[in-house]
Amino acid sequence: MEQEAKRTKINFGPQHPSTHGVLNLLVEVEGDTVYSAEPHIGFLHRGFEKLAEERRYIQFLPALEKGDYVAAFAWDDLYMALLEKALGIEIPRRAAAIRTMMNEVQRIVSHLLWLAAFGQDLGQPTVFLWSFREREPFINLFEEVTGGRLHYYYSRPGGLKRDVSRDYLDRVIAAVAKFEERLSELEAMTTKNIIFQKRTKGVGILSKEDAMHCGVTGPVLRASGVGEDIRKSDPFLMYPHLDLKVITRNEGDAFARTEVRIEEMKESARLVKFLARTIPEGPVMAGPYSETASEKWPDSMSMASMLKVFGLSIPQGEWFLRHESPRGEIAMHLISEGGPKPYRLRLKSPSFCNLYAFSRLAKNTKIADMVAILGSLDLVFGEVDR
Amino acid sequence: MAVFDITIIIGAVLLTLFGGLFAAYIGLLERKLIGRIHSRYGPTMVGPYGLLQTVADAIKFMQKDFFVPKRADKLLFIVSPVFLTFLSFLLLSYLPWGNFSFIVSQYDLLIILGIVALSPVIILVAAWASNSKYSSIGGLRAVTQILAYEGVLFLSILPLVFISGSFSLAEIISAQKNYWFMFSEPFAFLLFLFAVIAITERQPFDLPEAESELVQGWLTEFGGPFFAVILLGQYIMLYVASFLLAALFLGGWGGAFGWIGFAVKVFAGVLVFIISRATYFRMRLDQLLDFSWKFLVPLGFANFLLSLLIVYTSL
Amino acid sequence: MEIRIVEANNLRNAATELKQSGFRLLLVSGVDWVQKSNTYEALYHFSKVCGPDLVLLKVSVPADDPKVPSIADIFGLADWHERETYDLLGITFEGHPNLARIFLPDDFKGHPLKKDFIAYKRMLPG
């Protein structure tokens, strides 16, 4: 047909400045209009689930954090919580509070990175640099206590590797307070900037029915009107005791998703300040592996305690746990036949679910809009491909 | 006659040098200023305070491979970027430099506009000669954008021409004796700003070069020396745009400020362009075109008629 | 978490019933039980929308003919998850609109998540 003869199929990616990682989009274009965009993934597939079967439980943790490399703590926390559930260990309240606080700081850091990448896609490197500037204090704080800026390995089965000092918590509060002031600058650059609004309002509208059908999670789902937040629906750690506001919007466009994430950053900031002030005293590890906490250093560095954690073995059974990462709902299903290695460890990644919705959203849009939609979904390809 | 020729030749050489140096140092200023807006330093390593950065970049570009894609039209591929930059330098030669100008004409503004109107054709040729999908999409976008904003450009300048009664830059400047046109023709000023940013393809109207979407748009296939030449041409256009802004709307070199004041005005124009680059997101093509055809062009006509009315009723 | 064992031919009914009771699909997975009971198992995790209730449907299929009906039209999310399970484990989903490999190249031979697929030339110590 003559109409279709004018359309060309272009490859966007896998190497492309604006596909956030390795994504190949097979796009059918005519002029500036995109008729369909089919995502091809798998370029970053590292076989995590197969890896998990070949590794002892504690050995898999570093590999797991490389999945979602932007919000590594959320997965770190989920995995350890799953192991604790399987072993029947109850972590001390101090550890739960610190983990919750770190989760929320991770949420701020991850949303800032998303904002940076999104602004860059829409053509404004200023937002990129300002967001990265805002991330620095938090990443330095992470590094101070966990040793890593992007990957932490902070949780242990039974609690946390290392305790935090009162002084550290005061500095967290100070950093968050400064961030809250600066957030208004970022908002002025984005949600209050007229060109940003024109580029994102009405773009990539995901209706409530489509959102439920495609199974999207996280801020994308909340921006389409469904108030599903695992921290509220199926709470974990200290969330049952926290008064958390679930932020939703009804429009379902890219602007709504931006607003949801920015409001979530504000909410997380508030929670971090609250948690940092009210962390209960107490030990930071409980259970049979608590010698490996560095309170007991240098004993914790002894061969015996290391071997004990390496030898962690889970009895036969299956367990399932889900948490809320900055991207959405993360979950793990563990099937164990006894022994130090899992029989099957299944990971659910929110970016994978959100990317599925993309092929629906990108029909009959403009190229520029397609890029904006892809950016607004907050995809991390380590997580998509596992 | 011989003396006349030598003056022209020396002047041409100096002008080319000026063009090159301007492009180099304004490019550096842009990078450093935008860097500061971004909370970072910008180039600092090469030379004291990074002053030799553009020299290093120029050398880098020139020593790169002279690469013409296999299926590209070789002659047009090589000629079109050079011709585009030639057009920019041609524009430069119509602008006065102090009291000296190469070409003095009663219609110099009109000729400048005419040369500017040639650029979309050359861009189209360059894009077509590249023979690549990204280039053709970028080329079509660039041409659509420039054509939309040329109308706005002409409409913004028309009232000035009628008020001052001439197409000559010198006479337009002397017509601003009492008030700068920025104040007496504010709408024309706004229209001119938008038009000029769109025609020089600077942010927020840089869709044809949208890095995050189409690699580099119509410039995609031009690497190394070609890219340096195109970049040079673009910075010269920036100078021409700032010059026109200062001459047409900020009182030019007349009045109390003279030529030094004029240099400051040109610099202010350049700053406006640099800061708008750091602050605004890229507009989508159809939004850009809507803005032009549905808002700016009607505004331009209305402004022009209003200005005519005011001029003829007060005479 | 409620675990239900479902027959393959009853899967679509169970899924539709769950959808109507306000559940949403979380995950579709597969497990290789070939060495233990000569079967594959497909797992379907559901959760109540905005609630903590969880339901897990397990469907067992024989190893020599691992076919499960697809629920991709009931729950759009199942589309890619079923492709992933097919890609990595070899379970075929009947009625799926586009059952192609999703992570691995189209000409890849074998299904890596199977227990008999040796992924490493050298096993890790311990």
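Trainee: Which residue of strand 4 of chain C stands opposite Glu41(C)?

Mentor: Ser60(C) does. Keep in mind that this is a predicted model.

Trainee: How do you know that strand 3 and strand 4 of chain C are paired?

Mentor: Count the bridges. Pairing needs at least two. Strand 3 (residues 39-48) and strand 4 (residues 54-62) of chain C are joined by nine bridges. Nine meets that cut-off, so the two strands count as a pair. They run antiparallel.

Trainee: What is the strand order of the open sheet in chain C?

Mentor: The order of its four strands is 1-4-3-2, and the pairing is mixed.

Trainee: What makes strand 1 and strand 2 of chain C edge strands?

Mentor: Each has a single partner strand, so one side of each has no neighbour in the sheet. Strand 1 covers 2-6 and strand 2 covers 23-33. From one strand to the next, the twist averages 20°.

Trainee: Which helices pack on this sheet?

Mentor: Among them is helix 1 (residues 11-20) of chain C, which touches strand 1, strand 2, strand 3 and strand 4 of chain C. The direction of helix 1 makes about 170° with that of strand 4. Helix 3 (residues 78-89) of chain C packs on the sheet too, touching strand 2 and strand 3 of chain C. Its direction makes about 5° with that of strand 2.

Trainee: Now chain A. How do you know which strands of its open sheet are at the edges?

Mentor: Look for pairing on one side only. Strand 1 (8-12) and strand 9 (365-366) of chain A fit that. The sheet has four strands in the order 1-2-3-9, with antiparallel pairing.

Trainee: What makes strand 2 and strand 3 of chain A a pair?

Mentor: Seven bridges join them. The cut-off is at least two, so they qualify. Strand 2 spans residues 24-30, and the two strands run antiparallel. In one of the bridges, Glu28(A) has Ser36(A) of strand 3 as its partner.

Trainee: Where do the domains of chain A begin and end?

Mentor: The domain assignment gives domain 1 as 2-40 and domain 2 as 48-374. Their C-alpha centres lie 31 Å apart.

Trainee: How do you know that the two domains touch?

Mentor: By their contacts. Domain 1 gives twelve residues and domain 2 gives 14. On the domain 1 side, strand 3 (residues 33-40) of chain A has the largest share, seven residues. That side has five nonpolar, five polar and two charged residues.

Trainee: Why are helix 8 and helix 10 of chain B called roughly antiparallel?

Mentor: Take the angle. Their axes cross at roughly 170° and come within 11 Å. Anything over 145 degrees counts as roughly antiparallel, so that name applies to helix 8 and helix 10 of chain B.

Trainee: Which residues meet there?

Mentor: Phe189(B), Phe192(B) and Val196(B) in helix 8 meet Ala241(B), Leu245(B) and Phe249(B) in helix 10. By class, this contact has six nonpolar, no polar and no charged residues.

Trainee: Helix 2 and helix 10 of chain B are called oblique. Why?

Mentor: Their axes cross at roughly 140°. That value is not over 145, it is not under 35, and it falls outside 65 to 115. The rest count as oblique, and therefore this crossing does too. The axes come within 7 Å, and the crossing is left-handed.

Trainee: Which residues make that contact?

Mentor: Helix 2 gives Ala58(B), Phe61(B) and Met62(B), while helix 10 gives Pro225(B), Phe227(B) and Ala228(B). These divide into six nonpolar, no polar and no charged.

Trainee: Which pair of chains has the most contacts?

Mentor: Chains A and C, among the two pairs that touch. In that contact, 26 residues of chain A meet 27 residues of chain C. The chain A side divides into nine nonpolar, eight polar and nine charged.

Trainee: What does the contact of chain B with chain A take from each?

Mentor: It takes 21 residues from chain B and 25 residues from chain A. On the chain B side, helix 9 (211-214), helix 11 (258-279) and helix 12 (285-314) each supply at least two residues. Eight residues of that side are nonpolar, six polar and seven charged.

Trainee: How far apart are the nearest C-alpha atoms of chain B and chain C?

Mentor: They are 25 Å apart, and the two chains do not touch.

Methods. Residues numbered from 1 in each chain as written. Chains lettered and ligands numbered in written order. Predicted model: local features only at pLDDT ≥ 70, side-chain atom pairs only at ≥ 80, totals over all residues. Contact = placed C-beta atoms within 7 Å. Nonpolar A, V, L, I, M, F, W, Y, C, P; charged D, E, K, R; others polar. Domains from an automatic or database assignment. Axes fitted to C-alpha atoms, helices over the stretch in contact; angles between N-to-C directions. Left-handed = near helix turned anticlockwise from the far one by under 90°.
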